[in-house]
Amino acid sequence: MASLNGHLVLLGTTASGKSSLAIEIAKKRPIVEILSMDSMAIYKGMDIGTATPSKEEQKEIRHHLINIAKPTEEFSVSQFQEAAKNSLRDIEKRKQKALLVGGTGLHLRAVIDDLTIPGQFPEVKRELESEKDLVKLHARLKELDPVAANKMEPTNRRRIIRALEVTIGADKPFSEFGPGMDSYPPTPFTQIGIHLSRDSIDEKIFKRYTKQIDDGFLEEVEQIMRDGVSRTAAPALGYSEFYSYLCGEHSFEEAMEKAVIATRKFARRQERWFRRDPRITWFEVEQDSLEVVDSVLKIFDEINKV
RNA sequence: GCACCGGUGCCCGAGUGGACCAAGGGAACGGCCUGCAAAGCCGUAAAGUCGCGGGUUCAAAUCCCGCCCGGUGCU
């Protein structure tokens, strides 16, 4: 096998069962430690809602990049990337193997493709944000970095501002920081994806929320929201929906429906993101992700053959 | 029982006689993506006996009559 580092990636949409599959793999191959590739499991206290592995599971299998930031603080991709690199170095130093598990596409690619993420330039950004005219902003980007301008929707304010912020701040076109997300260069990481039908994902999403509520999700929501959440932690699915139920803004059923739909949409977006990457080897799961344990183990053993 | 309000695509919903071969939104499906990514942006088609039956009119989702269903109020 072509793997240089012997680390395996296990990806899939939310509620696909990748975490339990990963734990099973780690149990059968004690050399494995789990490296979470999840933008929300990083927050402390956001456990039930983000389906973070339990304390017992974490005691049994070493997990990384879980509960490393406060929900009140921002934690962005580049910080995540740095933390992941550190964990990876640590794992390698101890001659262990990493199993990268998660569904946050950008974060995963930041690690496996070692993206060069341009820095931040707050002063520049502040100035750009004061410009309300989107057309002007896009025109400006078109002038300074036509490649980037061409690639993005002229209506995507957030991304136009970011590209301009970098181009002006770093004095180097945004588009020159890398080949872009549509390029899939060779990577030392071997990626495995698990795929389930949309119907069964939808069903699992609903059942998972039901169980999370039983497990005390509402108390968690109350706790987290009371302290306030940062810009990066705020979009975690389920929290705002159930919080507005707790505030009496709508019924429990409405909150549940909103949460389920938002999560379903997220799963679709994940599916579309991952299916573009031709480097992923896919396994079809009918009901339970554990069905494919042996297939995954086989690949793990192959890339780690001496 | 009486009165009033309402019944429009999978859901919400505009429309009160001709520009309605029925707006818009949500959902669905698809595309994009390098510091908010569980985020953000964009595109697409499909789907309607306009509760049912009758009537008025050159023309009805829109007016009239009856019925059915839901909500509210009154006795």
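The following exchange goes through a predicted model, taking the overall form of chain A, one helix pair and the surface near RNA strand B.

Residues are numbered from 1 along each chain as its sequence is written, and chains are lettered from A in the order in which they are written. In this predicted model local features need pLDDT of at least 70 and side-chain atom pairs count only at pLDDT 80 or more, whereas totals for chains, interfaces and linings use all residues.

Trainee: What is the radius of gyration of chain A?

Mentor: Chain A has 13 helices and six strands, where helices (H or I, at least four residues) and strands (E, at least two) are DSSP runs numbered from the N terminus. The globule rule (2.2 Å times the number of residues to the power 0.38, with the radius taken over C-alpha atoms) gives 19 Å for 306 residues, and chain A is as compact as a globular protein of that length because its radius of gyration is close to this, at 20 Å.

Trainee: How are H1 and H13 oriented to each other?

Mentor: Helix H1 (residues 18-28) and helix H13 (residues 293-303) pack with their axes 10 Å apart, at an angle of about 55 degrees. Angles under 35 degrees count as roughly parallel, over 145 as roughly antiparallel, 65 to 115 as roughly perpendicular and the rest as oblique. H1 and H13 are therefore oblique.

Trainee: Which helix gives the most to the surface near RNA strand B?

Mentor: A residue is near the strand if its C-beta atom, placed from the backbone, lies within 6 Å of it. Helices H3 (77-93), H4 (105-112), H8 (157-169) and H12 (252-275) are the elements that give two or more residues to this surface. With nine residues, the one that gives the most is H12.

Conventions:
Axes are lines fitted to C-alpha atoms, for helices over the stretch in contact, and angles run from 0 to 180 degrees between N-to-C directions.
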